[in-house]
Amino acid sequence: MNLTPKWVLHAGAMLEHHSDPEGTHFSPRLALNWLPTPAHAFRAGISHGVSALGLYANHTDIKFVLAGTDVTFDQAVLSQALFGSGNLEPEKIDSGELGYVLSEPRWSAEP
């Protein structure tokens, strides 16, 4: 959305339903771009994301073999002991960005 010819707002979001861990997650994104001249662009943005753990992340065990002896760690038991829950939590990330883009075609590497 162009707020003015020199200011552009980008907004987006993703809504996902994950089966592992169970739940619906909302990941918003917002960026503001300032275009003071046709050659220069400045950007500031923020976003929040949540990812699924991947197939079977809560349902796999860890196995070590030392000198011919198998030692298996049950992931659910480890998670319960370390995190107080039998399930792993999804990864979450909050990020911010500052950027600058120079558009100068005469400096192009193309012949």
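How many helices and strands make up the secondary structure of this chain? There is one helix, along with seven strands. Keep in mind as you look around that this is a predicted model. If you walk along the sequence, the elements come in the order β-β-β-β-β-β-α-β.

Now for the chain as a whole. It has 111 residues, and 17% of them count as buried. About 8500 Å² is exposed, with carbon and sulfur atoms supplying 63% of that area. Take the contacts between residues at least 6 apart in sequence: 46% of these join residues at least 24 apart.

Next, have a look at the surface. Met-1, Leu-3, Trp-7, Leu-32, Trp-34, Phe-42, Tyr-100, Leu-102 and Trp-107 together make a nonpolar patch of about 930 Å². Strand S3 (22-37) and strand S7 (91-102) each put at least two residues into this patch. Leu-3, one of the patch residues, sits in strand S1, which covers residues 2-4. Leu-3 counts as partly exposed because its relative accessibility is 47%, between the cut-offs of 20% and 50%.

Strand S3 also holds Asn-33. Is Asn-33 buried or exposed? Its relative accessibility is just 8%, so Asn-33 counts as buried, the cut-off being under 20%. The side chain of Asn-33 makes a polar contact with the side chain of His-10 at 3.1 Å, and another polar contact, also 3.1 Å, links it to the side chain of Arg-43. Leaving aside residues up to four places away in sequence, Asn-33 touches Lys-6, Trp-7, Val-8, His-10, Phe-42 and Arg-43. Two of these neighbours, Trp-7 and Phe-42, turn up in the nonpolar patch as well.

Technical notes: Residues numbered from 1 in each chain as written. Predicted model: local features only at pLDDT ≥ 70, side-chain atom pairs only at ≥ 80, totals over all residues. Heavy atoms only, no water. Patch = residues over 30% accessible without salt bridge, like charges linked within 9 Å, V, L, I, M, F, W, Y side chains within 5 Å. Areas by Shrake-Rupley, 256 points an atom, 1.4 Å probe, with all protein chains shown as cover. Salt bridge = Lys/Arg side-chain N within 4 Å of Asp/Glu carboxyl O. Helix = DSSP H or I, 4+ residues; strand = E, 2+ residues; numbered from the N terminus. Buried < 20%, exposed > 50% of the residue type's maximum accessible area, 1.4 Å probe, protein only. Polar contact = N/O pair within 3.5 Å; in protein donor to acceptor, adjacent residues only side chain to side chain. Contact = heavy atoms within 4.5 Å.
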